[in-house]
Structure formats: C-alpha cells, structure tokens
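Welcome to the tour! Open your viewer, pick a cartoon view to begin with, and follow the stops below one by one.

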Amino acid sequence: MFAQIPTTAAAAVPAEAVLVDVREQDEWDAGHVDGALHIPIGEFTARIDEVPDAPLYVLCRVGGRSAQVVQYLVAQGREAFNVDGGMFAWEAAGRPMVSSSGDGAFVL
C-alpha cells in the first residue's frame with residue numbers, strides 16, 4: 001500500500017521522542033500520549049509549520065494514517081518514523097496514556 005517508510009515498534013520509541021498524533025479530536029480526547037503534538041491528518045499540511053525540526057514519531061490508531069503522514073514528511077526531507085500498530089500497539093506495550101477528561105485513557 002505504501003512505499004517502504006521508516007517504522008518503529010511502540011515499545012522502541014524513545015522517552016524523549018517528539019510524538020505527532022494525527023487522529024481525530026474524539027480519538028485524541030479518549031486517550032493520547034501526554035506531551036504529543038495533536039494535528040489531525042486532514043489539517044497536517046496546513047499546520048506543518050507547527051511541527052518541530054527534529055526526528056518525529058507519528059501515531060494514529062493502527063498505523064495507516066500515520067504511514068501517509070510519514071511518507072509525506074520523508075518526501076519533504078524530514079526524519080520521521082511510523083509507530084507500527086499505532087495507539088493500539090502503544091497501549092499493548094504498556095506505554096503511558098492520558099485522556100482529555102482526566103478519566104481512564106483508552107484507544108477509540
């Protein structure tokens with residue numbers, strides 16, 4: 001479906017990594033990585049200036065939307081990695097999540 005793009009496992013994402021979450025607002029509200037930058041995929045190209053000039057680890061629910069964003073970033077000469085399995089893999093790896101409401105975080 002996609003050309004070969006840089007990919008990493010959720011468990012291998014460094015603690016200090018710059019995370020970009022490209023899911024929709026309701027998905028973000030249910031559960032996300034604290035400190036991640038939230039830019040829904042439909043807004044990504046318009047908001048590209050908000051993305052820091054650093055290696056980026058891109059997340060969505062299962063990895064399809066984030067793969068598209070990583071493909072775009074790599075084409076722009078940026079260093080970016082698709083988090084394989086997305087937020088479901090992040091949760092399965094026991095990585096921390098928060099919700100916007102303060103209730104228990106979950107992947108929507």
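Two strands count as a pair if DSSP finds at least two bridges between them. Keep that rule in mind, and remember that the model on your screen is a predicted one.

**Stop 1: the whole chain**

Start by selecting everything. The protein chain has three helices and five strands. Follow the chain along its sequence and you will meet them in the pattern β-β-α-β-β-α-β-α. The radius of gyration is 13 Å, close to the 13 Å that the globule rule gives for 108 residues, so the chain is as compact as a globular protein of that length. If you turn the C-alpha trace along its principal axes, it spans about 40 × 30 × 25 Å.

Now switch on a surface. The accessible surface comes to about 5,500 Å², and 51% of that area belongs to carbon and sulfur atoms. Of the 108 residues, 42% count as buried. Among contacts between residues at least 6 apart in sequence, 66% join residues at least 24 apart.

**Stop 2: the sheet**

Hide the surface and go back to the cartoon. In which order do the five strands of the open sheet lie? Reading across, the order is β1-β5-β4-β2-β3, and the pairing is parallel. In general, strands of a sheet pair through backbone hydrogen bonds, either parallel or antiparallel.

Select residues 7–9 and then 37–38 to find the edge strands, β1 and β3. Each of these two pairs on one side only.

Next, select residues 18–21, which make up strand β2. Strands β2 and β3 pair in the parallel sense over two bridges. To see how the two strands line up, show V20, which stands opposite L37 in β3.

Which helix packs on the sheet here? Select residues 64–75: this is helix α2, and it touches β4 (56–59) and β5 (80–84). The direction of helix α2 makes about 165° with that of β5.

**Stop 3: a buried phenylalanine**

Select F44, whose place is in the loop between β3 and β4. Is F44 buried or exposed? With a relative accessible area of 3%, F44 is buried, because buried means under 20%.

Show the surroundings of F44 as sticks. Leaving out residues up to four places away in sequence, F44 touches V20, V22, I39, V51, V69, Y72 and L73. You have already visited V20, which stands opposite L37. Try a distance label between F44 and V69: these residues are 25 apart in sequence and 7.9 Å apart in space, C-alpha to C-alpha.

**Stop 4: the outlook from helix α2**

Move to V74, which has its place in helix α2. V74 is partly exposed, with a relative accessible area of 37%. Not counting residues up to four places away in sequence, V74 touches P6 and A80. How far apart are the C-alpha atoms of V74 and P6? They are separated by 8.7 Å, although V74 and P6 are 68 residues apart along the chain.

**Stop 5: the salt bridges**

Show the charged side chains as sticks. How many salt bridges does the structure hold? There are five, and you can visit some of them now.

Select E43, R47 and E50 together, as they are linked in a network of salt bridges. The side chains of R47 and E43 meet at 2.6 Å, N to O. On the other link, E50 forms a salt bridge with R47, with the closest N and O atoms 2.9 Å apart. R47 is partly exposed at a relative accessible area of 23%. E43 also counts as partly exposed, at 36%, and E50 is partly exposed with 41%.

For the last selection, pick D53 and R78. Their side chains meet in a salt bridge of 4.0 Å, N to O. D53 lies in the loop between β3 and β4 and R78 in the loop between α2 and β5, so the pair ties together parts that are 25 residues apart in sequence. Colour these two by accessibility: D53 is exposed, with a relative accessible area of 75%, whereas R78 counts as buried at 19%.

Methods. Residues numbered from 1 in each chain as written. Predicted model: local features only at pLDDT ≥ 70, side-chain atom pairs only at ≥ 80, totals over all residues. Heavy atoms only, no water. Helix = DSSP H or I, 4+ residues; strand = E, 2+ residues; numbered from the N terminus. Contact = heavy atoms within 4.5 Å. Axes fitted to C-alpha atoms, helices over the stretch in contact; angles between N-to-C directions. Buried < 20%, exposed > 50% of the residue type's maximum accessible area, 1.4 Å probe, protein only. Rg over C-alpha atoms; globule rule 2.2 N^0.38 Å. Areas by Shrake-Rupley, 256 points an atom, 1.4 Å probe, with all protein chains shown as cover.
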